[in-house]
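Got a structure open and not sure where to begin? Let's walk through it together, one question at a time.

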Amino acid sequence: MLPHLERFFFAPIRFRGLFVMRACFGLIAVFYYLRLLPYVQPLFGPAGVGGFQTAQRWPTFPIPTTETLEHFELLRHIADPRVVWVLYAALLGSAGAFAVGLLARPAGIALAVLHAVFSAQQPTLSLGWAQLYPAFVLYVALSPSGKAWSVDAWLARRRKQAPPELEAFSPWALRVLQVHVIAMYASAGWPRFTGQAWLRGETVLHAVADTRFGRWDLDWFSLQPLLTAATYYALAIEPAATLLLPLRATRRWCALGLIALHLGIELMADVGMWQLMMATAVCAFLPDRWFAWIPGLRGRDDRRVAAT
Amino acid sequence: MTPPRLLRLTGLAGLITYCALLLASSIPIVLVSFKPLVWVQLYSGYLLHLVGVTPGLEVFQGHTAPRAIHRMSCFRITGEGDTRLLLYDDLERCRRRRVDAIRDPFQTFLVRGLAGPLVDIDLGARRSLAQAPMQPLFLVTDYYCHVPAAEQARVRAVSIESLYLGLSVDDGSTGEVVMRGRRRCNRPTWEVR
């Protein structure tokens, strides 16, 4: 058993999807936080909603913090709005640097920490995706995700050093990410079999017709048969993923089904960055060679050492 | 045993423990309510919580299948001081039934924070604003009590007029409810009007 586990975590693999995942995780944060730019002070500043000044005026009022990110509740203790701007700039900077692979590892670690700090402040803003995101970014940052498709690799070439090749790497951090994704689908998927709205095939109708989430003003009521089918698809594939993702034979097809599910939901509903984050994380289950067509990742030694 | 080998085995032990905690904390105990498994799930979740890690979350739980779906909520927030001051207003969006594919994040923040507490109050809930999920109502009104324009007008109370649109799952009809209330800036209580 131990040798199997040792091989699972440490036997070198080559997986070009890692570089794509790094870029996508970085871009998700850039996009999300740039949209918040006009509201940095109302949401995160000392005079903002639930900020430092409210905590001072109402010292006994239980201002909520995002669950599991309680250790990162820092902004509520900052009295100077300029410090919040500096932290926000650092967050955007680290997200951008992670996306383009500039000092990828430290940028990723900084992004995970700063995102946790900002997400801790407003529980109603992020819809839960923010709680998973730091762990996923950390796993990718701890992998050699800056070795290609990155400014780091370009700078190394310019310095006329040997360019960092897409060599096989010890995939322990990628393996942890894969386990975490499976745990996520187990947590989210299986309890749905006790949900009345799921069993009646109504959940997608609830999600798309409620404009807190739904993006489009359509006559959803008349589309109910289609939405019922979509509900049952989601009800089946997410719990099934906990069984199909670990199996080599079904892994890639299940991952494709999940990516289609997440991108489909993203098209229909706005639930923060949930769908884009999960679609990116699921890429960890795709074969290495499926990323070979991407400019900058092709034309190298194309040995078939899949991320399996 | 060589030091690199020892390091590798220590790392392996840590990785196995962490992955085991992730998987154990995601055991679907609502389906398998076997007591030892419930304990394993709870304690592994607790240990991960200590280090700030969430194994996973239930999105769209769907535990109940209400016959009316929240369709849209809009708000007009006014300050009452030396003068009456309009602080926020998107009521027109609900009147026109306007849905934006890409919406303003602050508007979404207000809808997600305020719609639930205002509906609860309208349905007769008499919970303290310090209790979940009522806190956003307190925090948003406290924010508007002290925005620079409100400070300038010496605002003493903030009132919210809310237009709620609900969709019936049974016949597809849409209903409207108007809700009004206010909070004095120096009190942590909500007055229905």
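What follows is a chat between a reader and an author about this predicted model.

Reader: Before we dig in, what are the ipTM and pTM scores of the model?

Author: Good place to start, since this is a predicted model. The pTM is 0.93 and the ipTM is 0.91.

Reader: And for chain B, which element has the highest mean pLDDT, and which the lowest?

Author: Across chain B the average pLDDT is 90, and 96% of the residues score at least 70. Taking the elements of chain B one by one, strand 5 (residues 191-192) sits lowest with a mean of 90. The highest mean, 97, belongs to helix 5 (residues 135-145) of chain B.

Reader: Okay, the two chains touch. Which helix of chain A gives the largest share of the side that touches chain B?

Author: The contact involves 65 residues of chain A and 56 residues of chain B. Several helices of chain A give two or more residues to that side, including helix 1 (2-10), helix 8 (129-142), helix 10 (172-189) and helix 12 (203-209). The largest share is 9 residues, and the helix of chain A behind it is helix 10.

Reader: How many residues on that side of chain A are nonpolar, polar and charged?

Author: Sort the side of chain A that touches chain B by class, and 10 residues are charged and 17 are polar. The nonpolar ones number 38.

Reader: Now inside chain A: which helix gives the most to the side of domain 1 that touches domain 2?

Author: The domain assignment splits chain A into domain 1 (14-158) and domain 2 (179-308), with C-alpha centres 24 Å apart. In the contact between them, 20 residues of domain 1 of chain A meet 22 residues of domain 2 of chain A. Helix 2 (17-35) and helix 8 of chain A each supply at least two residues on the domain 1 side. The one that gives the most there, with 8 residues, is helix 2 of chain A.

Reader: How far apart are the C-alpha centres of the two domains of chain B?

Author: For chain B, the assignment gives domain 1 (3-50) and domain 2 (68-192). Their C-alpha centres are separated by 42 Å.

Reader: I keep looking at helix 2 of chain B. Why do its buried residues line one face?

Author: This helix covers residues 35-50 and spans 23 Å from first C-alpha to last, close to the 22 Å expected. The buried residues in helix 2 of chain B are B:S44, B:G45 and B:L48. Look down the axis of helix 2 of chain B and these buried residues line one face because they fall within an arc of 100°.

Reader: Which residues are exposed on the other side of that helix, helix 2 of chain B?

Author: Go round to the other side of helix 2 of chain B to find them. The exposed residues there are B:K35, B:P36, B:W39, B:Y46 and B:L50.

Reader: What about B:V177: which residues does B:V177 touch, if we skip those up to four places away in sequence?

Author: B:V177 is part of strand 4 (residues 174-184) of chain B. It counts as partly exposed, because it has 13 C-beta neighbours inside 10 Å. B:V177 and B:D122 are 55 residues apart along the chain, yet their C-alpha atoms are separated by 9.3 Å. Leaving out those sequence neighbours, B:V177 touches B:D122 and B:Y164.

Reader: Any backbone oddities? Which two residues does a cis peptide bond join?

Author: Most residues other than glycine have a negative phi, and most peptide bonds are trans. Here's a bond with omega of about 0°, and one of its partners, B:P133, lies in the loop between helix 4 (105-122) and helix 5 of chain B. The cis bond joins B:A132 and B:P133.

Reader: Is A:T68 buried or exposed?

Author: A:T68 is in the loop between helix 4 and helix 5 (81-100) of chain A, and its phi is positive, near 70°, though it is not a glycine. It has 25 other C-beta atoms within 10 Å, so A:T68 is buried.

Reader: And B:R97, buried or exposed?

Author: B:R97 also has a positive phi, about 55°, without being a glycine. You'll find B:R97 in the loop between helix 3 (91-95) and helix 4 of chain B. With 12 C-beta neighbours inside 10 Å, B:R97 counts as exposed.

How values were computed
Residues numbered from 1 in each chain as written. Chains lettered and ligands numbered in written order. Predicted model: local features only at pLDDT ≥ 70, side-chain atom pairs only at ≥ 80, totals over all residues. Contact = placed C-beta atoms within 7 Å. Helix = DSSP H or I, 4+ residues; strand = E, 2+ residues; numbered from the N terminus. Nonpolar A, V, L, I, M, F, W, Y, C, P; charged D, E, K, R; others polar. Expected span 1.5 Å × (residues − 1). Buried ≥ 20, exposed ≤ 12 C-beta atoms within 10 Å, placed from the backbone. Arc of directions from axis to C-beta. Domains from an automatic or database assignment. pLDDT = per-residue confidence, 0-100.
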